Amino acid sequence: MKKTALLLCGLILIPILILGWLSVRLEQNQQQLIQHQFQALVEVKLKSVDGLFQGHFQRLEAVLKSEASELKQNASPQALRELSKSSPYIEQVFILDPTRKPIYPTPTNATAQEIQFLQQTKTLLETPSLFTHSQESNTTIQKANGPAQLVAQAPYSAQLKSVPQTQRLTRSTEKSINAETEIAPLISRRSQATSSIAADSPIASSNISDKQVEQVEPTDSGWIAWYNNTQLQHIYWQTTADNRVMGFAISRARLLSDLINLLPDQSEITAEHPLNNSIITLKNSRGEVSYEWGNAKESSDHLTPVKTLNLSHPLGSWRLEYTTTSLNKPQQNWLEKLLIIVITLSALSVLGWLVYREQTRESRLALQRVNFVNQVSHELKTPLTNVRMYTEMLENQLDDEQVKQKRYLNIINNESKRLTRLIDNVLSFSKLERDSLDLNLQMGTVQECINNTLEAFAPAFAQRGLDPKLTSHCDTNVLLDPHCTEQILNNLFSNAEKYAANSGVLQIECWQEGDYSFIRIHDNGPGIDEYSSRSIFEQFYRASNKLTDGISGTGIGLSIARELARKHGGDLILESTTQGASFLLSLYTPVSLSHSPAKGSL
């Protein structure tokens with residue numbers, strides 16, 4: 001019953017464990033898919049912000065090209081200084097000759113602000129390769145406790161590629177137009193030698209026509225990002241027709257203001273906004289937050305960014321970070337899966353309980369039947385013993401002339417012995433099943449047990465045409481259970497009587513080796529085929545063929561014989577032979593009590 005209960009528990013728990021494991025794997029795969037899709041969408045959003053910044057630099061570059069075209073007509077120091085003072089976007093203008101030597105500003109006639117600029121950009125201005133496209137690298141300049149120094153080079157596109165105009169994230173059309181025209185003051189000032197450009201000039205608009213861009217297209221141009229006192233600075237330069245370089249140092253504050261102006265207002269983020277429970281952070285080259293927009297219950301400092309995007313040149317050292325609190329595992333899915341597992345577990349448990357109850361009921365009925373058979377067998381054993389005793393007494397009182405009466409009494413005696421053997425098998429089978437069979441070890445000889453059994457089977461062998469021939473070398477006193485040994489021999493002789501009738505000689509050999517006794521019983525009957533030989537020792541197995549059909553039997557004789565032999569410390573095997581069937585019995589029979597095992601432990 002314990003094995004049945006454990007088996008049912010295994011049948012219930014294994015599907016539940018498999019179902020739970022599959023649910024966990026499915027949930028993990030769903031979470032990974034959701035995160036992958038979410039990060040892809042976030043990357044698109046962050047790249048759209050990067051596109052806005054690139055569009056701003058394109059528009060700024062177009063205006064600076066136009067400004068440089070105007071300065072070609074009047075590039076006097078006074079006009080250049082006036083441009084630096086009046087433009088909110090330009091901090092300083094510089095010009096390099098064809099050999100890339102500074103011709104403006106120069107230390108001899110420079111103002112204090114220009115001298116400071118020359119000191120800060122000394123390394124930059126002394127590196128002519130920065131102002132040419134022969135090297136395919138972008139340059140970053142670092143100023144550390146003195147003049148600016150060249151510290152790194154990174155891949156870049158010297159001239160910004162054409163980027164489609166991208167609408168602002170959440171601003172209205174009116175705000176977008178106003179923001180795009182904020183660069184107009186760059187070109188509002190002109191020198192006295194040139195005519196002023198009206199406020200509604202096409203240059204003031206961010207959408208410059210291809211013809212206008214072509215008119216001011218420089219021979220070579222590009223952006224340089226460099227550091228000044230740990231602050232990122234931007235310089236736009238271009239070469240003129242006479243191979244000079246004209247550069248513009250951009251105002252950091254105004255550039256940051258313009259970039260932030262392209263981003264959504266924090267006040268516009270509502271509960272229905274796509275950025276609800278999410279934050280996008282713009283960080284500068286020092287990792288400081290330059291701007292942050294979105295709406296989340298927690299601060300971005302306490303959240304791990306879901307996605308980080310480094311901006312394109314010339315903002316390559318800046319980055320965008322997207323953090324959110326809404327990308328959590330859905331508890332509803334877990335509850336649904338848990339409910340399914342609980343329902344499945346309950347259904348399997350109920351089914352297992354019903355099976356176990358039915359199995360228990362069947363086992364109780366089977367046990368009751370076995371107990372009934374055992375009780376009847378015990379009740380039958382005493383009358384059979386009396387029948388045998390009175391039969392033998394009556395047979396001894398008959399005269400020799402009463403042959404017919406003696407034959408009748410002999411039949412009664414033989415049949416009572418057969419019933420006794422059958423009852424002994426049933427009782428032994430029941431004890432073996434309950435593991436309650438104990439051996440009664442005593443000193444005796446194996447040959448004596450063989451002789452007693454042969455004597456009991458002599459009438460049956462004579463009637464069935466069998467002639468037993470014993471070759472014995474087992475006359476030494478050993479420790480054994482005579483009743484157990486005789487019962488094994490009874491089953492083997494009974495098997496030969498049934499299936500090897502009229503086969504002639506029944507060869508019986510007995511010998512001893514050390515503490516073991518061996519008995520071989522070999523008949524000349526039809527034998528046992530290979531298929532049946534693999535199952536002949538199983539309980540209730542009976543080979544079915546023309547030779548065995550019609551022969552009575554229970555199918556437990558050989559199984560009981562093997563179990564009793566193993567209980568006695570030996571074994572019973574079927575030997576391979578060309579004629580008939582040959583069984584080899586081995587028993588553990590020590591020659592003295594000092595070698596005997598504990599009672600019942602064999």
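These legends accompany several close-up views of a predicted model.

**View 1. The open five-stranded sheet.**
Welcome to the first stop, a sheet whose five strands follow the order β2-β1-β7-β6-β5 with antiparallel pairing. The edge positions belong to β2 (102-104) and β5 (220-228), and each of these has a single partner strand, so one side of each is left without a neighbour in the sheet. From one strand to the next, the twist averages 30°. As a reminder, strands of a sheet pair through backbone hydrogen bonds, either parallel or antiparallel.

**View 2. Strand β6 and its pairing with β5.**
How many bridges join β5 to β6? There are nine, and the two strands run antiparallel. One pair to pick out is Asp220, which stands opposite Thr239 in β6. The hairpin of β5 and β6 has two residues between the strands, and Asn229 adopts a positive phi near 55° there. Is β6 mostly buried or exposed? Eight of its nine residues are buried, so β6 is largely enclosed by the rest of the structure.

**View 3. The other side of the story: β6 with β7.**
Strand β6 (residues 231-239) also runs antiparallel to strand β7 (residues 245-250), and five bridges join them. Two pairs can be followed by eye here: Ile235 has Ala249 of β7 as its bridge partner, and Trp237 stands opposite Gly247 in β7. The hairpin formed by β6 and β7 has five residues between the strands, and Asn243 in the turn has a positive phi of about 70°. While you look along these strands, recall that in a regular strand the side chains alternate between the two faces of the sheet.

**View 4. Two helices lying across the sheet.**
Helix α2 (residues 77-86) lies across β1 (90-96), β2 and β7. The direction of α2 is at about 150° to β1. Helix α7 (residues 252-261) lies across β1, β5, β6 and β7, and runs at about 95° to β6. Both β1 and β7 therefore appear in the lists for α2 and α7, as you can check strand by strand.

**View 5. Helix α11 packed against helix α13.**
Helix α11 (residues 482-499) and helix α13 (residues 557-567) have axes 9 Å apart and pack at an angle of about 150°. Because angles over 145 degrees count as roughly antiparallel, α11 is roughly antiparallel to α13. The crossing of α11 past α13 is left-handed. On the α11 side the contact is made by Cys484, Gln487, Ile488, Asn491, Leu492 and Asn495, and on the α13 side by Gly557, Leu558, Ile560, Ala561, Leu564 and Ala565. By type, these residues are eight nonpolar, four polar and no charged.

**View 6. A closer look at Gln487.**
Gln487 sits in helix α11. Is this residue buried or exposed? Gln487 has a relative accessible area of 4% and is buried. Which residues does Gln487 touch, leaving aside its neighbours within four places in sequence? The contacts of Gln487 are Asp424, Asn425, Ser428, Ile560 and Leu564. Ile560 and Leu564 also belong to the α13 side of the helix contact shown in the previous view.

**View 7. Helix α10 alongside helix α11.**
Here helix α10 (residues 446-464) meets α11, with axes that come within 9 Å and cross at roughly 20°. α10 and α11 are therefore roughly parallel to each other, and α10 passes α11 in a right-handed crossing. Contributors from α10 include Cys449, Ile450, Phe457, Phe461 and Arg464, while those from α11 include Pro482, Glu486, Leu489, Phe493 and Lys498. The full set of residues in this contact divides into nine nonpolar, five polar and four charged.

**View 8. Strand β16 between β15 and β18.**
Strand β15 (residues 504-513) pairs with strand β16 (residues 516-522) in the antiparallel sense over seven bridges. In the hairpin of these two strands, which has two residues between them, Gly514 takes a positive phi near 65°. β16 also pairs with strand β18 (residues 582-588), again antiparallel and over seven bridges. Which residue is a handy landmark for both pairings? Try Ile519: Cys510 stands opposite Ile519 in β16, and the bridge partner of Ile519 in β18 is Leu585.

Conventions. Residues numbered from 1 in each chain as written. Predicted model: local features only at pLDDT ≥ 70, side-chain atom pairs only at ≥ 80, totals over all residues. Heavy atoms only, no water. Pairing = 2+ DSSP bridges. Helix = DSSP H or I, 4+ residues; strand = E, 2+ residues; numbered from the N terminus. Axes fitted to C-alpha atoms, helices over the stretch in contact; angles between N-to-C directions. Contact = heavy atoms within 4.5 Å. Parallel < 35°, antiparallel > 145°, perpendicular 65-115°, else oblique. Left-handed = near helix turned anticlockwise from the far one by under 90°. Nonpolar A, V, L, I, M, F, W, Y, C, P; charged D, E, K, R; others polar. Buried < 20%, exposed > 50% of the residue type's maximum accessible area, 1.4 Å probe, protein only.
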